[in-house]
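Work through these exercises with the coordinates open. Each task is followed by a stepwise solution.

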Amino acid sequence: MTADGDTAPGHPNVRLVRRLLGEVRPHRRRLLGLLFLELAAVPIMLLGPVPLKIAVDSVLGSHPLSQPVQAVLPPVIVDSKLGILLLAAVLQVLIVCLNQLQAATAYVLQVATGERLTLAFRARLFAHAQRLSLSFHDRRGTSDSIFRIQWDAEALKDIVQAAFPFVSSVVMVVAAVYVTVRIDWHLALVAVAVVPILLVLARRYQKRIRPRYTRLKELESGALGVVQEVLTTVRVVKAFGREDREHGRFMARAGAGARARVRIARAEGRFGLLVNLTTGLGTAAVLFIGVRNVQAGELTVGELLIVMNYLIQLYNPLENITKKVADLQSGLASAQRAFELIDEAPEVLDPPHARRLRRARGAIEFRNVWFAYDRGHPVLRHISFSVDPGTRLALVGETGAGKTTVTSLMTRFYDPDEGQILLDGVDIRELRVADLRQQFGIVLQEPVLFSTSVAENIAYADPRADAGALSAAAKAANAHDFITALPDGYETVVGERGMRLSGGERQRIALARAFLKDAPILILDEPTSSVDVNTEAAILDAMQRLMEGRTTFLIAHRPSALIVCDARIQLAHGRVVDATGIHDPLPARG
């Protein structure tokens, strides 16, 4: 353990490495194969200077080949300088071919393994982000999660691409030192004298660069947030003529990221300069002493050449090790951010022994429910009411009164801070979340469609539904006629968020989706607020059919929508201020 505790079992770096090892464990066979290929470069590297030594000492000079080599070669080669030269040339070609084969195979396997690791890690992040509660996404926004899923997930690939060459470089250093010691231990001692200096440089650089990479990721995530926000609200931006303002906001965020990356590049440049200067001084010292040894007859020219070659093979891996240590910091910073997302715990969870629910009758009861999005600022206070199965309940009140929050609590998008919500007499927190949400069909004020076909959007409620069921749901929602008039009928692609369709058409597709789901409880949140009178009539007609036999919660302000309800709750400032009996029809209001 070091003085600052960096290798302590509980140190963040150690915990992070352990988590990374857990992530790559399912791919250990590929990783072991990659490690074997990386290590195969070591003997090839050791063979590299051999042809040159043979040519210098045994062709240009008069030194005989070593006894092991003479034992395996025919006399026609051993006794001829031309034969020895041809041997050196053939060995050079074979070594180059082996080196290229090893490098190409290792590269392909490295890319394939890295992509598999990234895909698996990215999928895990995406699945976890979907499980997180809405309060997390409300608090953090979506752009930061998108950045972590798309870019920080590549940390595993980056770390593998840096770690395995790091391991092979360590083995190369040990092998090169061993061979150099066998030739001249004085030169080997001089050569490795620079290693402590390189380790100190790498250590200091590592401590300084990791926080900079973390900050860089935050800045780049912020720039992505501006892009996402502007492009998803581009109609509003254009309507108010704020393109220049948003461009300036993006440039401020992106510019900060660019400046941070330039500062990192400067730090990397200084570090590289110090590393190369250190190894350059080591090379100069070995060259000076080696030449003096040749002049003294203690070393042959071929042996000096092979030492210098091994010195290059020694210093290249040393430089690689120190630079890979630096490169790892970017990957470790990304990995840390990705694990931070995984460590976010969903606030809405299934209890240990959750109760299963097939189909509810539809009785809903609120018992003294309190809820706040931000602690200390309650949105709902003392909410208590009960609804019998099949009731059509209107939730009315001014904007911000808490109507949508009431429906969000029923589906457990959030959990109440106090009180209980019961479905058929059972606290909804005792039910499986997936089973609970299957009991609700939801149609929002702004219907959510995906950039796929009409048929796929309707079938989102039940992917197993056949064409007949989709058509029946569309007819019930008064959508079949306009769908068949589209260029490709049910296979027409609706565009991002369904923007190739009108608001009324999108709303009727959302109603068709609710028909197909056939849930016992409906939540209709301002379904007619943004359509014209004729479209409203078609939607109301479909709504009345959809409500039959279902408990319905209708949030609306238009009297034409409210008149279809048989009960009413009025909210104001998060409280129930008025209620109309279940069996008393709600009068039309002008």
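**Exercise 1. Characterise the packing of α2 against α7.**

Solution. The model is predicted.
- Step 1: take the axes. Helix α2 spans residues 28-39 and helix α7 spans residues 81-131; their axes come within 9 Å. The crossing angle is roughly 155°.
- Step 2: classify the angle. Angles over 145 degrees count as roughly antiparallel, so α2 is roughly antiparallel to α7.
- Step 3: assign the hand. This crossing is left-handed.
- Step 4: list the contact. From α2 come R30, L31, G33, L34, L37 and E38. From α7 come Q102, T105, A106, L109, Q110, A112, T113, R116 and L117.
- Step 5: sort by class. The contact of α2 with α7 holds 7 nonpolar, 5 polar and 3 charged residues.

**Exercise 2. Describe how α7 passes α10, and name the residues that meet.**

Solution.
- Step 1: α10 covers residues 155-183, and its axis comes within 8 Å of the axis of α7. The two cross at roughly 145°.
- Step 2: the crossing of α7 and α10 is right-handed.
- Step 3: on the α7 side, the residues are Q110, G114, E115, L117, T118 and F121. They meet L156, K157, V160, Q161 and P165 of α10.
- Step 4: the class count for α7 with α10 is 5 nonpolar, 4 polar and 2 charged.
- Step 5: compare the lists. Q110 and L117 of α7 appear in the contact with α2 and also in the contact with α10.

**Exercise 3. Check the length of α14 against its expected span, then find its packing with α11.**

Solution.
- Step 1: α14 runs over residues 243-295, which is 53 residues.
- Step 2: at 1.5 Å a residue, 78 Å is expected. The distance from first to last C-alpha is 75 Å, close to that value.
- Step 3: look past the helix. G297 follows α14 and has a positive phi, near 80°.
- Step 4: bring in α11, residues 185-192. The axes of α11 and α14 come within 9 Å and cross at roughly 170°. That makes α11 roughly antiparallel to α14.
- Step 5: L187, V190 and A191 of α11 meet A285, V286, I289, G290 and N293 of α14. The contact of α11 with α14 has 6 nonpolar, 2 polar and no charged residues.

**Exercise 4. Give the strand order of the sheet with 6 strands and identify its edges.**

Solution.
- Step 1: recall the pairing rule. Strands of a sheet pair through backbone hydrogen bonds, either parallel or antiparallel.
- Step 2: the order is β6-β7-β8-β3-β9-β10 in an open sheet, with mixed pairing.
- Step 3: β6 (440-443) and β10 (575-580) are the edges. Each has a single partner strand, so one side of each lacks a neighbour in the sheet.
- Step 4: the average twist from one strand to the next is 20°.
- Step 5: inspect one pair. β7 (521-525) and β8 (551-555) run parallel and are joined by 5 bridges. L524 stands opposite L554 in β8.
- Step 6: add the helix. α16 (403-410) lies across β3 (392-396), β6, β7, β8 and β9 (567-572). It runs at about 150° to β8.

**Exercise 5. Do likewise for the sheet with 4 strands.**

Solution.
- Step 1: the order is β2-β1-β4-β5, open and antiparallel.
- Step 2: β2 (380-387) and β5 (426-427) stand at the edges. Each pairs with a single strand, so one side of each is left without a neighbour in the sheet.
- Step 3: α16 also packs on this sheet, touching β1 (364-371), β2 and β4. Its direction makes about 115° with that of β1.
- Step 4: count bridges. β1 and β4 are joined by 5, running antiparallel; W370 has E418 of β4 as its bridge partner. β4 (418-423) and β5 are joined by 2, with L423 partnered by V426.
- Step 5: inspect the turn. The hairpin of β4 and β5 has 2 residues between the strands, and D424 takes a positive phi near 55° there.

Conventions: Residues are numbered from 1 along each chain as its sequence is written. This is a predicted model: local features need pLDDT of at least 70, side-chain atom pairs count only at pLDDT 80 or more; totals for chains, interfaces and linings use all residues. Side-chain values use heavy atoms; hydrogens and water are left out. Axes are lines fitted to C-alpha atoms, for helices over the stretch in contact, and angles run from 0 to 180 degrees between N-to-C directions. Angles under 35 degrees count as roughly parallel, over 145 as roughly antiparallel, 65 to 115 as roughly perpendicular and the rest as oblique. A crossing is left-handed if the near helix is turned anticlockwise from the far one by less than a right angle, and right-handed if clockwise. Contact means heavy atoms within 4.5 Å. Ala, Val, Leu, Ile, Met, Phe, Trp, Tyr, Cys and Pro count as nonpolar, Asp, Glu, Lys and Arg as charged, and the others, Gly among them, as polar. Two strands pair if DSSP finds at least two bridges between them. The expected span of a helix is 1.5 Å times one less than its number of residues.
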